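User: I'm new to this one and would like a close look at how its inside is packed. Could you start from one well-placed residue and work outwards from there?

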Amino acid sequence: MIDRIVLLLRIVLGLVFLAAGGLKVGHADVFASEIAGFQLLPHPLIAPLALLLPFLELMIGVYLVLGLFTRFAAWFAAAEMAVFAAAIASAVMRGISTSCGCFGPSDHSTTSWPEVGRDLGLTLIAVIIAW
């Protein structure tokens, strides 16, 4: 029974990563602007991150859905989601209302505590899968 639950969680999380990465591919300029809106990273890191992150998310999504390198993929997903939750929480606490950029340019959700909660929930799912 637990194996089936973990399988379901793995596939759902993998699909989330596939959607998040896929919707960002080809929109690095928009994603870079959304990353810059958090006012956390040095400017020289923003463009490379905006180019690389969508493809990493696609790779992690594929690994999770197919069950390849599952522990690595799940720990990577947990780390990424925890960093995103911290970045969004930081923006909320500093009064910065910016687009999350989580699901590409058509995602108009802004930094908020519910967004932090969503990312922490996804972090927990990833940890359950990795464990």
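Analyst: Let's agree on contact first: two residues touch when they have heavy atoms within 4.5 Å of each other. This is a predicted model, so bear in mind that local features need pLDDT of at least 70 and side-chain atom pairs count only at pLDDT 80 or more, while totals for chains, interfaces and linings use all residues. Residues are numbered from 1 along each chain as its sequence is written, and side-chain values use heavy atoms, with hydrogens and water left out.

A good place to start is Leu-64. Setting aside residues up to four places away in sequence, Leu-64 touches Arg-10, Leu-13, Gly-14, Thr-70, Ala-73, Ala-74 and Ile-129. What does Leu-64 belong to? It's a member of the largest nonpolar core, which has 14 residues, and it's listed with Leu-13, Phe-17, Ile-60 and Ala-77 as touching the most other members. Four helices, namely helix 1 (2-24), helix 3 (43-66), helix 4 (70-93) and helix 5 (113-130), each put at least two residues into this core. Helix 4 is the top contributor, with five residues. Elsewhere there's a second, separate core of ten residues, and Ala-87, Ala-91, Ile-96 and Cys-100 are among them.

A few terms have slipped in there. A nonpolar core is a set of buried Ala, Val, Leu, Ile, Met, Phe, Trp, Tyr and Cys residues joined through side-chain atoms within 4.5 Å. Buried is under 20% relative accessible area, exposed is over 50%, and partly exposed is in between (1.4 Å probe, protein chains only). Helices (H or I, at least four residues) are DSSP runs numbered from the N terminus.

Now back to helix 3 and a charged side chain. Glu-57 is part of that helix, and with 1% relative accessibility it counts as buried. Who are its partners? Leaving out anything within four places in sequence, Glu-57 is in contact with Phe-17, Leu-18, Ala-20, Gly-21 and Lys-24, and also with Glu-80 and Phe-84. You've met Phe-17 already, as one of the best-connected members of the largest core.

Ala-20 and Phe-84 turn up again when we look for empty space. On a 1 Å grid over the protein atoms alone, a cavity is a set of points where a 1.4 Å probe fits but cannot get out, a pocket is an open set with protein on both sides within 12 Å along at least five of seven lines, and lining residues have an atom within 4 Å of a point. Points join across faces, edges and corners, and a volume is the space filled by probe spheres set on them.

How many cavities of 30 Å³ or more are there? The structure holds one, and the largest cavity contains about 100 Å³ of space. Its lining has 13 residues, with Ala-20, Met-81, Phe-84, Cys-102 and Phe-103 lying nearest the centre. Helix 1, helix 4 and helix 5 are the elements giving two or more residues to that lining. Helix 1 has the largest share, at four residues.

Phe-84 also faces the largest pocket, where it's among the residues nearest the centre, along with Ile-35, Phe-38, Leu-49 and Ala-87. This pocket has a volume of about 300 Å³, and 15 residues line it. Helix 2 (28-36), helix 3 and helix 4 each bring at least two residues to the lining, and helix 4 has the largest share with four. Ala-87 ties this pocket to the second core, where it's also listed.

Finally, some spots along the helices and loops. Leu-9 sits in helix 1 and touches Ile-125, Ile-128 and Ile-129, once residues up to four places away in sequence are set aside. Ile-129 is also on the contact list of Leu-64, where we began. To get a feel for scale, the C-alpha atoms of Leu-9 and Gly-95 are separated by 33 Å, with their positions 86 residues apart along the chain.

Gly-67 is in the loop between helix 3 and helix 4 and counts as partly exposed, at 33% relative accessibility. Gly-67 and Leu-7 are 60 residues apart in sequence, yet 8.6 Å apart in space, C-alpha to C-alpha. Phe-69 shares that loop between helix 3 and helix 4. Is Phe-69 buried or exposed? It's exposed, with a relative accessible area of 56%, and it has a positive phi of about 50 degrees although it isn't a glycine. Gln-39, in the loop between helix 2 and helix 3, isn't a glycine either and has a positive phi of about 55 degrees. Gln-39 is exposed too, with a relative accessible area of 57%.
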